[in-house]
Amino acid sequence: MYTASSEQFAKLRADGTRRFADLSNATSQERADALSDIYMPVTPEAGRLLYSLVRATKPAIVVEFGMSFGLSALHLASAVRDNGTGHVYTTELSAAKIAAAKQTFAETGLDDVITVLEGDALETLKTVRGDIGFVLLDGWKELYLPVLKLIEPQLVTGALLVADNTSMDDTRPYLDHVRDSANGYVSVNFLARDSDSMELSCRT
């Protein structure tokens, strides 16, 4: 999957910027459908980081906002399986990506620890019940803060939040929230790629 992603990225360099720009005023669903063939994975290094953090914290519930083809969910679910406890809830709008990811989860034997929430995350995440100990935010950036606000009452003390692509302007409201200690977080930013960053936040 990473090989396919890298090959696709090389081809996208020519017209990818224009393709994304054409969707600047589209709805979340329209963007998801238009980009249903595009891999948008975390880096392999970030995937190993996610695995390590979930192994270390042993969360009862892991929430991922923005599944795409499921590469990050594979790292999260592998950690849950190796912990022997927990469950991953991941969200996605694209029907094509949902079908492909479900097949991958079944082939890897991880489908029993992953629930794919199909549709608008601001609605589907309302069905998640219980203590949330780990969150990965990697969907549409302007929704990072609304998604956090929705699940915030269920975050346990010590819960970890990982937000990807935080060099993008649309993540600013989210970053302002988690970087304000009055809101109950300790947060740190670090480079995940040459030109992009991730934010790691702990619920205090």
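**Getting to know this fold**

Buried residues account for 48% of the 204 residues in the chain. The model is a predicted one.

Me: Hello! What makes up the chain in terms of helices and strands?
Reply: Welcome! The chain holds nine helices and seven strands.

Me: How do you know which strands belong to the open sheet, and in what order do they lie?
Reply: Two strands pair if at least two bridges are found between them. Following such pairs gives seven strands in the order β3-β2-β1-β4-β5-β7-β6, with mixed pairing.

Me: Why are β3 and β6 said to stand at the edges?
Reply: β3 (114-118) and β6 (185-193) each have a single partner strand, so one side of each is left without a neighbour in the sheet. Neighbouring strands here are turned by 15 degrees against each other on average, direction ignored.

Me: How do you know that β6 and β7 count as a pair?
Reply: The cut-off is at least two bridges, and eight bridges join β6 to β7 (residues 196-203). They therefore pair, and the two strands run antiparallel. Within this pair, Val186 stands opposite Cys202 of β7.

Me: What makes helix α4 a helix that packs on the sheet?
Reply: Contact asks for heavy atoms within 4.5 Å. Helix α4 (residues 44-57) touches β1 (61-65), β4 (132-137), β5 (155-163), β6 and β7. The direction of α4 makes about 170 degrees with that of β4. Another helix, α5 (residues 71-83), lies across β1, β2 (87-92), β3 and β4, and runs at about 180 degrees to β1.

Me: Why is β4 called mostly covered?
Reply: A residue is buried when its relative accessible area is under 20%. In β4, six of its six residues are buried, so the strand is called mostly covered.

Me: And how do you know that β4 pairs with β1 and with β5?
Reply: Again, at least two bridges are needed. β1 and β4 share five bridges in the parallel sense, and Val63 has Val135 in β4 as its bridge partner. β4 is also joined to β5 by five bridges, running parallel, with Leu160 in β5 as the bridge partner of Phe134. Both links therefore count as pairs.

Me: What is the handedness of the crossover from β4 to β5?
Reply: The chain passes from β4 through helix α8 (residues 144-151) to β5, and this β-α-β crossover is right-handed. With the strands pointing away from you, the path from β4 over α8 to β5 therefore runs clockwise.

Notes. Residues are numbered from 1 along each chain as its sequence is written. This is a predicted model: local features need pLDDT of at least 70, side-chain atom pairs count only at pLDDT 80 or more; totals for chains, interfaces and linings use all residues. Side-chain values use heavy atoms; hydrogens and water are left out. Helices (H or I, at least four residues) and strands (E, at least two) are DSSP runs, numbered from the N terminus. Axes are lines fitted to C-alpha atoms, for helices over the stretch in contact, and angles run from 0 to 180 degrees between N-to-C directions. Buried means under 20% relative accessible area, exposed over 50%, partly exposed in between (1.4 Å probe, protein chains only).
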